[in-house]
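Work through the exercises below with the sequence and the model at hand. Each task is followed by a solution in steps.

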Amino acid sequence: MHPQTPQNPYTQPSFESNYRNLCTLLVTLTRNRCLSPGLQLHAHIIKTSLNLLPLVSHHLINFYSKSHLPLLSRRIFDDTRFKSNTTWSSMISAFAQNEMPIMALDGFRDMMREGGKGDDRIYPSVAKAVGVIGRVEVARMVHGVVLGSGYVADLFVGSSVVDMYGKCGEVRDARKMFDEMPVRNVVTWSGMIYGYGQAGETEEALGLFREVLQEGLEVNDFTLTSVVQVCGCGTMFELGRQVHGLIVKLSYDSSCFVGSSLVSLYSKCGVVEDAYRVFDEVGVKNLGMWNAMMIACAQHAHTRKVLELFDLMGEVGINPNFITFLCMLYTCSHAGLVDEGKCYFDLMKKHGIEPEHQHYASLVDLLGRAGKLQEALKVINDMPIGPTESVWGALLTGCRLHKDTDLASYVADKIFKLGPVGSGMYMLLSNAYSAAGRFEEAAKARKMLRDRGVNKETGLSWVEEGTQIHTFSAGEKRHPKCEQIYQKLEELGEEMERAGYVADTSFVLQRVDDHEKNQAIKYHSERLAVAFGLITFPPERPIRVMKNLCMCGDCHSAIKFMSKCTGRVIIVRDYTRFHRFEDGKCSCNDYW
């Protein structure tokens, strides 16, 4: 009797069936985000040595990636002996999809060094990673590799290159790639629209979207999200509402991605009530949507609601990220909640999040606004990372508010040692000196700005009327309704004075006589915009004014009186937050 030849267990029919079932089960668990059963299945795979098979490793990498555990994906990858293109693709994608772009690019570099080649799955992941870091020089290198591989004609790869350039701010390169593609799909068009939106080229973005609709091309949630973001950045409320109508018609109103962009749109346009409605109507909310709603509440001074949403988010099992905590610190800073803000800052580390310079800037802003300038300075000195312009700038704001010019001078020296800075820093320093009556130092700060060739940003305010945007600068004389606007301000000024308004000319930072100061402050851009709203819109409609710079203290006081004297709701958005003026009060409670 001849001895039987041992059979390879990996070639037996029963093994093939089990292997197929196991892969199917892993895909199902991945799709349904079932972490606990997946961990149990992984333990079984290790016991049976099935983790040695490349396809099983691929599914495991993908499982942990979709469970937002990319570092476990990396461990699976490292334990895989034979790495196919599919294995490399899964690992690179795991990092790209989980907002870890540097590790994704490191993986791509390692693959190239080991002789691996990119394909139609790897290049889109690499392009996504480059888009996140926004490095143009890296984008061009990746594009060069794609060109050399011959995959540039591939629809998905070409679309990812368009999207990559758009996110890096190189809209011309994105358009060149877009025009050269022989075939385009919804991803290509969406990426190009998004790129124009990011570059602030609103007309081009909306023109491309109109072209999509006129040609009857397919749109998806990414397309609609990109268009809504364009409307939000341009504060185009009426157009945004029309796009929202299209979203409902196409049944994309349940998408949390579209929902997040709609929440931001309505918030940026000063209609936070509609933001609440969109948030409530979306059944399944992702972290991005929770963050969007909390940011909206924070910018509209709905402080208690922000704190409630943070607690509710935890109750439903959504973990906060660095953006969530940035929002919480911003909320506490603008509400004077010093102790609460410190608690949220400490809570970050308990969630495994290391504070970045933005978080430190918010913490310094929190302390600075509350007058705790020395404590804010200690925070900066104890930072484990080098303080940036924004961190020192937050302290400089506190110095201006509390008229500490000695500390302001010290902070200014620190800022200027960092290298070239924007005009805002020079003006902040100048304003700090002027507020304390030190006009010579203020003049020197403005002279430094001119000598270094830095242009001061012009203060503008604008109001939307239908599809038309009316823009005003201080002392504006070119608007068609200029005469009526100035007449309205004169009439209203007399009524405001009878109600107790007295102009605070300390906010005029030039050394001129009192009459000139009164005239200068009387016609600031936001007042002209409010007056336009008063003569244009019906009494029941709130007047919404957008502004690119911070409102001065006297305009804040004046608009409170305007709301009281006219009985109108006036909403003003400056570069940090919204102020809702009603019956002589402001939503910020004068803490801003």
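The model is predicted.

**Exercise 1. The sheet**

Give the strand order of the open sheet and state which strands stand at the edges.

Solution. Step 1: the open sheet has six strands in the order β2-β1-β3-β4-β5-β6, and the pairing is mixed. Step 2: the edges are taken by β2 (468–473) and β6 (585–586). Each of these has a single partner strand, so one of its sides has no neighbour in the sheet.

**Exercise 2. Pairing inside the sheet**

For β1 with β3, β3 with β4, and β4 with β5, find the sense of pairing and the number of bridges.

Solution. Step 1: strands of a sheet pair through backbone hydrogen bonds, either parallel or antiparallel. Step 2: strand β1 (residues 460–465) is antiparallel to β3, with two bridges. Here S461 has K547 of β3 as its bridge partner. Step 3: strand β3 (residues 543–547) runs parallel to β4, and four bridges connect them. R544 is bridged to I571 in β4. Step 4: β4 and strand β5 (residues 578–582) are antiparallel and joined by four bridges. In this pair, I570 is opposite F581 of β5.

**Exercise 3. Connections and faces of β4**

Describe how β4 is linked to β3 and to β5, then decide whether the side chains on its two faces are buried or exposed.

Solution. Step 1: β3, helix α30 (residues 553–566) and β4 form a β-α-β unit, which is right-handed. Step 2: from β4 to β5 the link is a hairpin of four residues. Step 3: in a regular strand the side chains alternate between the two faces of the sheet. Step 4: in β4 (residues 570–573), one side carries I570 and V572 and the other carries I571 and R573. All four are buried, so both faces are covered.

**Exercise 4. Helix α19**

Check the length of helix α19 against the expected span, and find how many of its residues are buried.

Solution. Step 1: α19 (residues 322–333) has twelve residues, and at 1.5 Å a residue it should span 16 Å. Its end C-alpha atoms are 16 Å apart, in agreement with that value. Step 2: nine of the twelve residues are buried, so α19 is largely enclosed by the rest of the structure. Among them are F325, M328, L329 and Y330. Step 3: the buried residues pack against α17 (287–299), α18 (303–315), α20 (338–350) and α21 (357–369). Step 4: at the start of the helix, a side-chain oxygen of N321 comes within 3.1 Å of the backbone nitrogen of I323.

**Exercise 5. Cysteines**

How many disulfides are found in the whole structure?

Solution. Step 1: the search finds zero disulfides. Step 2: for C231, the nearest cysteine sulfur belongs to C269 and is 8.0 Å away. C231 is buried, with 0% relative accessibility. Step 3: for C256, the closest cysteine sulfur is in C297 at 18 Å, which is too far for a bond. C256 is also buried, at 13% relative accessibility.

**Exercise 6. Positive phi**

Locate A301 and K403 and give the phi of each.

Solution. Step 1: most residues other than glycine have a negative phi. Step 2: A301, not a glycine, has a positive phi of about 65°. A301 lies in the loop between α17 and α18 and counts as buried at 18% relative accessibility. Step 3: K403 has a positive phi near 55°. K403 lies in the loop between α23 (389–401) and α24 (405–416).

Technical notes. Residues numbered from 1 in each chain as written. Predicted model: local features only at pLDDT ≥ 70, side-chain atom pairs only at ≥ 80, totals over all residues. Heavy atoms only, no water. Disulfide = S-S within 2.5 Å. Buried < 20%, exposed > 50% of the residue type's maximum accessible area, 1.4 Å probe, protein only. Pairing = 2+ DSSP bridges. Right-handed = clockwise from strand over helix to strand, strands pointing away. Expected span 1.5 Å × (residues − 1). Contact = heavy atoms within 4.5 Å. Polar contact = N/O pair within 3.5 Å; in protein donor to acceptor, adjacent residues only side chain to side chain.
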